[in-house]
Every structure is written in structure tokens, then in C-alpha cells.
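Biologist: I'd like a close look at one part of this complex, the place where the two chains meet and the helices behind it. Could you walk me through it in one go, and point out any odd backbone spots along the way?

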Amino acid sequence: MEKEKFYYDDKIVKLFAWATIIWGITAFTIGLMVAYFYWFPHYTSGISWLSYGRLRPLHTNSAIFAFVGNGIFTGAYYSTQRLLKTRMWSDLLSKVNFWGWQLIIVLAAITLPLGITSSKEYAELEWPIDILVALVWVAFTVNLIMTVVKRRVRHIYVAIWFYLSTAVTIAMLYIFNNLEVPATLFKSYSVYSGVEDAVVQWWYGHNAVAFFLTTPILGLMYYFVPKAAQRPIYSYRLSIIHFWTLIFIYIWAGPHHLLYSPTPEWAQVLGTVFSLMLIFPSWGGMINGLLTLRGAWDKVREDPILKFFVVAVTSYGMSTFEGPMLSFKSLNAIAHFTDWIIAHVHVGTLGWNSFIISGMLYWLIPRLYRTKIYSVKWMNWHFWIGTIGILLYVIPMYIAGWTQAIMWKQFNPDGTLKYPEFMDTVTAILPMHWIRAIGGTLYLTGFIILIWNLVKTVKGHTVEDTEAEAAPLAPVPAKRQAGEDFHNWLERRGVLFTILTLVATAIGGAVEIIPTIYVKSNIPKIAAVKPLTPLEQLGRDIYVREGCYVCHSQMIRPFRSEVERFGPYSKAGEYVYDHPFQWGSKRTGPDLMREGGKRPNLWHFNHMYDPTSMMDGSIMPKYTWILTNDLDVSDIQARMKALRTVGVPYSDQDISNAQAAIEQQAKAIVADLEANNVEKSPAYQMAYKGNKVDLSKKEIVALIAYLQRLGMDTTKPHQTAQR
Amino acid sequence: MLRNIKHYLSTQEGAEMHDLIVTVIFFIIFVVMLYLVWRMPKHRVDELKNMPFNDQNENDYDTTK
């Protein structure tokens, strides 16, 4: 058949590549800002939108979706066109994908620092942006699938299988995890509560790692590692097994984030078993990547791109070995909530994701601009500074994690906790955080070198769409041909392949989540547990807004050390009205599940203004604006109605009387504060500059109401009944 | 019908059995797949693994020099 001439859309690849670079440095810089909070907790003191609780979600979102997201699109758009011998199906959809994605990132960068958040980790964006994410993702998915449909190559290469699985699975995960009922334009409540919400969130959260930070990056590995090494992938057979087993098994592993929690035991066991099974496909992929370099290791010595790829694939191997190990309950009991997890995550992001993307950019940019790299020497400098940066980041975090675990669990011979003050652990690991910050600084320095090197490389050059030619595909019957093996047949059926991919990933989610939500015996109700009062709900919304869950858990595991330190362990029925759940995933500060009644109202008042005034050595930043901000009660009815829609049993009377109830409860708290001479406290004096204010109209009162309610329903039910 | 499904889902016993069934199905598919992959002809495998190198238009810039 006669060959057709066409052009690859390289301009869209260029746009995504530079967006990757810009958002990369943004994400790393915010990460570093967050890291320095451990040493200088008050360096943005008083600026709400630069507080730790709001910046940390911005760091994770910008690293995952802005930096890695754009990196994925860069590599996927470049390789898909070349592997399928066609331009992307729709230039318009490519542009919608690019500009829509950047708009989402900008909106995230505005809303998260403003405290507009759903508080679900890596899914913090509020509902209008969620809708935008879904639309832009659909544009990408449709464009990808249609490009596959109109390809000029019979068979679809393994890299594209991974892109397809990413496209359809992320759509499924994102939509189901972000099902929420809007109360206002910037506030919504998850349709799931407590345990259900936790299962769905970590089904999503774990698989954001799986299908956003792993499968598309594996797609990049399967294309760019062979290209850079100038030799084909080690085993195509292994890649088939790797692909199907990985996508099938990965989706099940989410509950390993919830071990020893009140989630059903069968779901936890499932998470552990499938996590262990996950070693095999993960290492299959890693081995396939590394063995591609067999016979070419001399090139690794000379080519810094291959150095990046080798460290990336090795990091993938390390983190995918560590992940299943951490899913053993005995090891998870030690590691969960500690800095060990931070180390584990950063082996993956800094080593695997970022180094693959860095290597890809060094390979891609000179080719896009049809020139040579400006400096190979500086590529090597980037590699070594970045690698040392990773080591200086993760090693101290491992040590910090082990230190935390040991100190939290240690007992004296008389049975009391050896370190009863949580603060002892916090101060013990501060030197580790210092070294971590140095590691992060080095890593950022390496990335700045990359930017400088690439800017110098492209100076004076432009990107033009590359001309190519290929014959159109001759029509072939959909049925298997004689002598055609099954997977070869499947590889030429793009749409069927995509559907089977979705089926493989949907099975795990359905089997885990549907019974958790519907089988009533999974979440036994506790009669004493009641919905929050309107004032407490407003306080909870402030707790969510400030990202308190970033440092404080609300889930006590059934360990002697935790019960001794925080109170009775958590039961599933205690969370039935929690939309969304606030279990957290890390304890920089203590658990707050049973905070209610532990300390006087005045303590919380002072603590929010200046934590060190109440707790020597505290590294919690000051939340001064909570004392000065007026409490907005104007939309409480809308909030309560939305909560009623998702299952919180507020009556019409509760909703219509909400403002009166707020006033009544707030006045009771203020009366208590005044009885304890709040006006003489340094916090009051400094916050209000000596003026007398009506505290019942301030946000702090709502937050105190919420904190004092935590855990009270089950530990002191008669007190909450009086409310 | 939806109500019946919801009723069944909310009253069913032994959800953990689903996992066992799915795991067994997975292993069966896995073994079948191993067999199929093993039987793939070598020339087809070689052809497929070389797909990234079929792009003649790509400029080649050696970054190591």
C-alpha cells in the first residue's frame, strides 16, 4: 500500500516538557519549604496561606499531578505517535489536555493555600475542580484511544498498554473517590463516611501511586530505556506477564494503608496478601528494565541518561520490595504513622519518578530541538548531586521512623510508657529532619542544573513538527487469524484491549469496596455516637481547612502503647458521621481521636495562638488567624443539608435552629474561657491588641467545640447527650 | 430490581469468599497466560520488541559526546 506523509505533533510534546520542568521546580521548592518547617516552624507565622497544613497538600499535589503528570504526558504524547505511526487523533483535544491540565494546577495552587480542600489525601481539590479534572482526563483518554484506533501499525507496543491502563483506571478511581455532595461553591462532603470513606480513599490513594506514579512511568521505561540503550527490551514475553499481573494485583492492595484500623479484617488481610503478590510483577518489570542494559553496561559509564535510568529502575525495585514488606502486619505496626513511610514514598518519587523523567527530558529535548545537549558534564553533576540528595533525604527519614516507632512503644518495668510525652519523640528526630532538608536542597540544586542545561541547549533552536511516512493499515478481520496467537490478536484490538484492562482493574475495587459499603455487619453502629452540633461541625470544617490531618491522626490502633498514650482504641461505629474521615497517615503530632475533655478550653485557645506557650519544644506552627477570623455561620444550613443528604441524621428542626444552637454553645465556651481569665492570657492580649472582643463570633470557639467533642460520645456519652 | 440488588448486597454473608474466588480465577488466568506467552513464536516476539526502533525519522543525537 502507498505510504502516507504526516507530521508528529511535537509542539504539544514541547509544551508538556517545559510544563514538567516549571512544575518540577515548583513542587521541589514547596517540598523544601515544608521540610524547613520542622526547624523553623514559625517562619511563615501568621500567614494562613503559607501554613504547613495548607502547603503540604500543595507539595504532594504539585509533585504528583503537576510535575509527574506533565512528565507522563510529555513521554506519552511523544512515544504514542511514534509507536503508532500517526499524529494524535485530535490537535484540539491535545490542546484541551495541555491547557486544561495547567488550569487545574493553577486552580489547585490557588485553592489549596486558601484552605479550600476536601482533605482526602492526593484528592484534596474541591468539587468544581474535580469536575474539570474529569473533563480534561476524558479529553486525554478519548484522544489516546482514538489515536490507537486510527494507527498505522498493526500491533500496540507494551508502553501504550500502560498508558491505556492509566487512562481508564485513573478515570474510574478519581470519579468514585471524589463522589461528594456540594454544600457551597467551595465546600462539599464526601458521600462516604468513616470506614467506608477510608477504604475508598486508600483504594484511590494507593492506586494513585499505582496508576499515576507507576504504570505510566513503566510505559516511559519500556520506550525510553531501550531508545537510550539502543537495544530492545530484554523480554517481550515478560512484559506481557508484567503488565496483566501488575494491573490486576495492584488495585487490591489499598487496604494495606489501613492495617489495625477498624476496617473489616477480611479487607485488611486481602490488602496484605495482594501486596505480597505484587512483588512478582513489580520485580518482573524492574528486571526487564535492568536486563535491557545487558551487554551495554559500558554505556552506563559514559551516558548520564542511562545513569538516571539505572538509578530510577533500581529505586523502583527497592520501593516495590519495601512496599509489600510494609504490608506485613508486624512491620506495619512499627512503620505506620512514622517517617519511615515518608522515606519509602520518596525513594519512589525522587528516585523512580523524577529520575526517569529527568533522563527522559535529557534524551528528548535535544531531539525535539534537533540539537546537541549543552553540557554532558553538567548532566553528570545533576545525576550525582541528585543521587546524593536522595540518600541524604531518605536515610535520615528511615532512622527518624525507626526512632519514632521504638520510642512510642517503649515501656518502663512498672508498665508505664517510657516516653509518655509525645514531644520527646518530636525533638529526638529533629536532627534527622535537618539532614533531610539538606538532602532536599541538594536534590533541588540538581534540578536547577537540569533547567540551566536544557535552557542553554535549546537557545536559538525551535521545535517543528517532525515529518514521517507510513502506509495505512490494511483491513484485517476482527477474528483471530490462522496461526495468530492470542495476545498478538489482542494487541491489535485496541478498544477490546482497553476494555479488558478496565475489567482487570475494576474487579479488585468492586470486590473490596462494595461489601464494605453495603454489608451492614462490617460497620456496627454505636447508639451513643451522635452527629456533631452545628458549632462543632463548623469547627470540624476549620480543622479540615487547616489540614490538621496532615500531622494528627484520629485513629487509635489496638496496641497497648497507643491505648496507654491516647485512650481506648478506635471502633468502626465511632466514625459513621465523619464525612470525610480524618484518620490521617502520619503523626508529626499526637493522635486527637480522644482529645475531647483532656485539656481546658483555655489551653486550646492559647495553644492555637502559640503552641510553644503550652508545650515546650513544640514544632506546631502558630495558627493566629483562627483567633482573629470571624466565624462564618451564614451557610451552616447549606452545610447541614448537604450532610443530611450523605446520611447524617439532622432533622429539619436541627437545621432551622442551627444558628441559635451555635450562639448558645459558643456562649457557654466563652463563659468558661472568661471564668478562666482568658482576657489576661498573652494570646488574647496579642491577638486582639488589648481590645475586648466578642469571642463567641470567632473561629477559635468553633474549633475548641470540635476538639472538645472528639471521642466524647463513647468515653463520656452523658456529656455529649447534654449538648 | 435495584432495591433487590441493594438488599442482597446489604444482607449477604461471607464477603471474604469473594476474594478467594477472584484469587483462584486470577491464578487460572495467570497460568493460561503463562502458557500462551510461552508458546509465542520467537520471530513475532523479536518483531514486537523492536517496535521502538522502527522510527527512521528520529534524529539521533549522542548525548555522551
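Modeller: What follows starts at the meeting of the two chains, moves back through the helices of chain A and ends with a few backbone oddities. Keep in mind that this is a predicted model, so every value below is computed from predicted coordinates.

Let's begin with the partner. Chain B has three helices and zero strands, and along its sequence the pattern reads α-α-α. Of the 65 residues in chain B, 14% are buried.

Now for the meeting itself. On one side 42 residues of chain A are in contact, and on the other 31 residues of chain B. Several elements of chain A each supply at least two residues to the side that touches chain B, among them helix 2 (52-84), helix 7 (215-229), helix 8 (236-250), helix 9 (265-277) and helix 14 (339-368). Strand 4 (466-470), helix 18 (486-491) and helix 19 (494-518) of chain A are also on that list. Which element gives the largest share of the side of chain A that touches chain B? That is helix 8 of chain A, with seven residues. Sorted by class, this side of chain A has 26 nonpolar, five polar and 11 charged residues.

Since helix 8 of chain A supplies that largest share, let's see what it packs against within its own chain. Its axis and that of helix 10 (residues 279-291) of chain A come within 8 Å and cross at roughly 145°, and the crossing is left-handed. From helix 8 of chain A, the residues that take part are Leu238(A), Ser239(A), Ile241(A), His242(A), Thr245(A), Leu246(A) and Ile249(A). They meet Phe280(A), Pro281(A), Ser282(A), Gly284(A), Gly285(A) and Asn288(A) in helix 10 of chain A. By class, this contact divides into six nonpolar, seven polar and no charged residues.

Helix 7 of chain A also touches chain B, and it has a packing partner too. The axes of helix 7 of chain A and helix 12 (residues 304-326) of chain A come within 10 Å, crossing at roughly 140°. That angle makes the two helices oblique to each other, and here again the crossing is left-handed. Met221(A), Val225(A), Ala228(A) and Ala229(A) make the contact from helix 7 of chain A, while helix 12 of chain A brings Ile305(A), Leu306(A), Phe309(A) and Val313(A). The class count for this contact is eight nonpolar, no polar and no charged residues.

Helix 14 of chain A, another of the elements that touch chain B, holds Val347(A). Is Val347(A) buried or exposed? With 23 other C-beta atoms within 10 Å it is buried, because 20 or more is what that label takes. Setting aside neighbours within four places in sequence, Val347(A) is in contact with Ser315(A), Met318(A), Ser319(A) and Val394(A).

Two other parts of chain A round out the helix picture. Helix 3 (residues 91-111) and helix 4 (residues 127-149) of chain A pack at an angle of about 155°, their axes 9 Å apart. They are therefore roughly antiparallel, and their crossing is left-handed. The contact includes Trp101(A) and Ile104(A) of helix 3 of chain A, and Val136(A) and Phe140(A) of helix 4 of chain A. It has 13 nonpolar, five polar and no charged residues. Then there is helix 6 (residues 194-211) of chain A: 18 of its 18 residues are buried, so the rest of the structure largely encloses it. At 1.5 Å a residue its expected span is 26 Å, and the end C-alpha atoms are 25 Å apart, which agrees.

Finally, the backbone oddities you asked about. Tyr260(A) has a positive phi of about 65° although it is not a glycine. Tyr260(A) is in the loop between helix 8 and helix 9 of chain A, and with 18 C-beta neighbours inside 10 Å it counts as partly exposed. Lys689(A), also not a glycine, has a positive phi near 50°. Its place is the loop between helix 28 (682-688) and helix 29 (699-709) of chain A, and it is exposed, with 9 other C-beta atoms within 10 Å. A cis peptide bond, with omega about -5°, joins His579(A) and Pro580(A). You'll find Pro580(A) in the loop between helix 21 (560-566) and helix 22 (601-609) of chain A.

Methods:
Residues are numbered from 1 along each chain as its sequence is written. Chains are lettered from A and ligands numbered from 1 in the order in which they are written. This is a predicted model: local features need pLDDT of at least 70, side-chain atom pairs count only at pLDDT 80 or more; totals for chains, interfaces and linings use all residues. Helices (H or I, at least four residues) and strands (E, at least two) are DSSP runs, numbered from the N terminus. A residue is buried if 20 or more other C-beta atoms lie within 10 Å of its own, exposed if 12 or fewer, and partly exposed in between; C-beta atoms are placed from the backbone. Two residues are in contact if their C-beta atoms, placed from the backbone, lie within 7 Å. Ala, Val, Leu, Ile, Met, Phe, Trp, Tyr, Cys and Pro count as nonpolar, Asp, Glu, Lys and Arg as charged, and the others, Gly among them, as polar. Axes are lines fitted to C-alpha atoms, for helices over the stretch in contact, and angles run from 0 to 180 degrees between N-to-C directions. Angles under 35 degrees count as roughly parallel, over 145 as roughly antiparallel, 65 to 115 as roughly perpendicular and the rest as oblique. A crossing is left-handed if the near helix is turned anticlockwise from the far one by less than a right angle, and right-handed if clockwise. The expected span of a helix is 1.5 Å times one less than its number of residues.
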